Amino acid sequence: MTLKKDILIPRPSHLNLAIGLALGTLSLTSPVMAADGGQQNGNQTETVSVYASRMDAQKANRAVAVSTVSQEEIEKRQGSNVTDLIRHLPNVSVLGGGRDAAQSVTIRGLSSENGRVVQLVDGARQNFSVGHRSSLFIDPELLRSVEVVRGPSSTLWGSGALGGVFAQNTKSASDFLSGDQAVGGYLKQGFHSNNNASRTSGAVFGRTETVDWLVQSYYHDSDDNQLGNGKTLSYSADREKGGFAKVRYTPSLDHQWTFTARQGELDDMSPSNPSVKEPSGSYPLVYRETRDQSLSVAYDYSPASHWVDINSQLYFNNTEMKEHRVAPQERDNNETQTIGFSITNTSNIKNIDLITGLDLYRDSYETKRDDSSAPGERPAGQDANAESIGAFGQINIPVFDQIRWQAGVRFDSYKGEDNRPTSLDSESRDHAWSPSTALTWNATERLALTASYREAFRAPSLEEMYASGTHFVVPMGPTKLINRFIPNPDLKPEHSANKELAITYQFTPTSYFDNAYVDARLFRNDVDDFIDMNVDFMGGTTTRENVKDAKLEGIELSLHHQLGGFTNNLSYSQTEGKNKNDGSYLDNIPAHKFVAETDYALATLPVSVGGRVSHYADQNDTNDANTYDGYTLWDVYASYSPNGAWDGVKFDLAIDNLTDEQYTQAWAQVASPGRDIKFNVRYQF
């Protein structure tokens, strides 16, 4: 497939309005910086006693499982999508199949596609959600790290954190500059063999005593993906471009301002549901243009006080997805705007940590559906708003010398409103409490045991409450069977209660390892009032309803080993899910997964090499005849940074799916790509 090469005409943007709102608000209030989690501590048994962000607070007391993908690993993976960076993590999987336009992140069996995972970029919520379409728009080249919280986390993050949190953190000038270097830049060119992808990026950056700044841009173009059986996955090509700017102003040690702007454009052509194999009458071919924009203003205040460490942020997101249905010549539009404000304060008094905060955000959701080829046979356009305000607190205190207790609670109040004049039930209001508690016993200097209980909730989405119009049409001889959406603004929120046991052991260094630890977790997550789509085929209606209670159980085992230049990691994870009402299996539960990885950095040369093997078991826990075969993937990578005349140049080589395995992920209809040889050259000056 070849994408249209027409020059896109810029459209009016809401960014100027957002800038004005941001500056006006910040002149009147104390702004907020979002959670910007640090790297995970290599010593797994060390208690985190001071933290400056919500992500760090999640790690405190080891009550929550948090995985971090560093910038070094991001560069090794050379991912075309952020999902390439995290699919190896325990109980983290990717749904949707081989097209990037369909992919979503699943944590412990709960997916970001339906809002059961909170997605953040630099602490700002990314709330765009349209059925079967991906909401992962940020390019990996912009990222400094990715952090994944596994398990319910609404105490700190509010609605949507039933499965966990997926946080993406962007780069700044300090990630490139070293020593007394004041200004610099880089150019990078990459090539991926599987889909003939060309990936170009570059940046300039600099700093003074009080200001550091970064301006970055990228352009990618790819053909269709090639599968392991030699066939082509039709309509999987895309074209992507964008830019990013960050300015950080630090007038004193106590104060810091961060201004961030990001814009991305993604064009692709695929079935209207990109997770199906081919276009059809039900899922026609569409040319899709996605425009994602974000602005944020953050302020940190960290005086020499144990009581005050304030992070605050005001942010604005606008995501617009235009779809041109090629055969019927119809044009649809989906647009979500989010404006949000958050503020947190961290106190540390006599080894007691307390984090408190406030979140406010407002979503505006508008869709337009063109039914000119068949009047009355498309979903109706929507115009709805959602508002949420949440206040939270979490404390981490020593009970005895070897025992620490963590407890928290959050209260959220939210409202949904249908703005269409035809709406009969125009407003829905509700609230939710999200408590959590954890107790950690440091039995020895090396052994720690943690028991935790956490609740979470997800408010119904605007689409779930207010969808109307035609769902689908089935020809039946001379007549048609028309199935229509019935709005349900009375949907109850989904609630989850997670019980978890964790054991962490840090080995004493010996001649066999410099650093080694093992982490084992056992969890059960009970989710009540699951929102599902109830399709009454003969009755001609489709309604979202709270139809089932679910049980998700699983284990996670991780082993880390480091000796000299060698680093080794092993993990095994599984999740099993059932409907508690009738014992049937839940859909979209990932297969059991085993991952082994080794990396070696040469002491005498600026070279590192590594490899990873990932084995996915058969997935037979389904309610019908469809089962999914297991498969094994082999990936290798190497980096080389020569010195002397080549100083500043870096070569990265990675080969994904080395054996050209033909495979389809569990629950996917579309196979994933075969072997992909990826080569990048970067020159930094």
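**D529 and K492**

I looked up D529 first and found it partly exposed, at 21% relative accessibility. The model is predicted, so I take every value here as computed from it. D529 sits just above the cut-off, because buried means under 20% relative accessible area. I then searched for its charged partner and found a salt bridge with K492, the closest N and O atoms being 3.5 Å apart. This pair links distant parts of the chain: D529 belongs to strand β28 (residues 515–536), while K492 is in the loop between β26 (479–485) and β27 (494–506), 37 residues apart. K492 is also partly exposed, with 43% relative accessibility.

**E597 and R612**

Next I checked E597, which forms a salt bridge with R612; the closest N and O atoms are 2.8 Å apart. I placed E597 in strand β31 (residues 593–601) and R612 in strand β32 (residues 607–616), 15 residues apart. Both ends are under the burial cut-off: E597 has a relative accessible area of 16%, and R612 has 3%. I also noted one network of salt bridges with shared partners, made up of R108, R150, R454, E500, D519, R521 and E556.

**D175 and R144**

I counted the salt bridges in the whole structure and got 50. One of them joins D175 to R144, with the closest N and O atoms 4.0 Å apart. D175 lies in the loop between β8 (164–170) and β9 (183–192) and R144 in strand β7 (residues 143–150), so the salt bridge ties together parts that are 31 residues apart in sequence. I asked myself which of the two is buried and which is partly exposed. R144 is buried, with a relative accessible area of 17%, whereas D175 is partly exposed at 26%.

**The sheet with β7 and β8**

I followed β7 and β8 into their sheet. The sheet is open, has 5 strands in the order β1-β7-β8-β5-β6, and its pairing is mixed. At its edges are β1 (65–69) and β6 (124–125), each pairing on one side only. I looked at the join between β8 and strand β5 (residues 117–121): the two run parallel and share 5 bridges. V117 has G164 in β8 as its bridge partner.

**Q168**

I picked out Q168, which is found in strand β8. Is Q168 buried or exposed? Q168 counts as buried, at 0% relative accessibility. Its side chain makes a polar contact of 3.1 Å with the side chain of Q119. I listed the contacts of Q168, leaving aside its neighbours within four places in sequence, and wrote down V82, Q119, L120, V121, D122, I138, L143 and S145.

**The sheet of β2, β3 and β4**

Last, I turned to another open sheet, of 3 strands in the order β2-β3-β4, with antiparallel pairing. Why is one side of β2 and of β4 left without a neighbour in the sheet? β2 (92–95) and β4 (110–111) stand at the edges and each has a single partner strand, so one side of each is left free of a neighbour in the sheet. I checked the pairing of β2 with strand β3 (residues 104–107) and found it antiparallel over 4 bridges. Within it, L95 stands opposite S104 in β3.

Notes:
Residues numbered from 1 in each chain as written. Predicted model: local features only at pLDDT ≥ 70, side-chain atom pairs only at ≥ 80, totals over all residues. Heavy atoms only, no water. Pairing = 2+ DSSP bridges. Salt bridge = Lys/Arg side-chain N within 4 Å of Asp/Glu carboxyl O. Buried < 20%, exposed > 50% of the residue type's maximum accessible area, 1.4 Å probe, protein only. Polar contact = N/O pair within 3.5 Å; in protein donor to acceptor, adjacent residues only side chain to side chain. Contact = heavy atoms within 4.5 Å.
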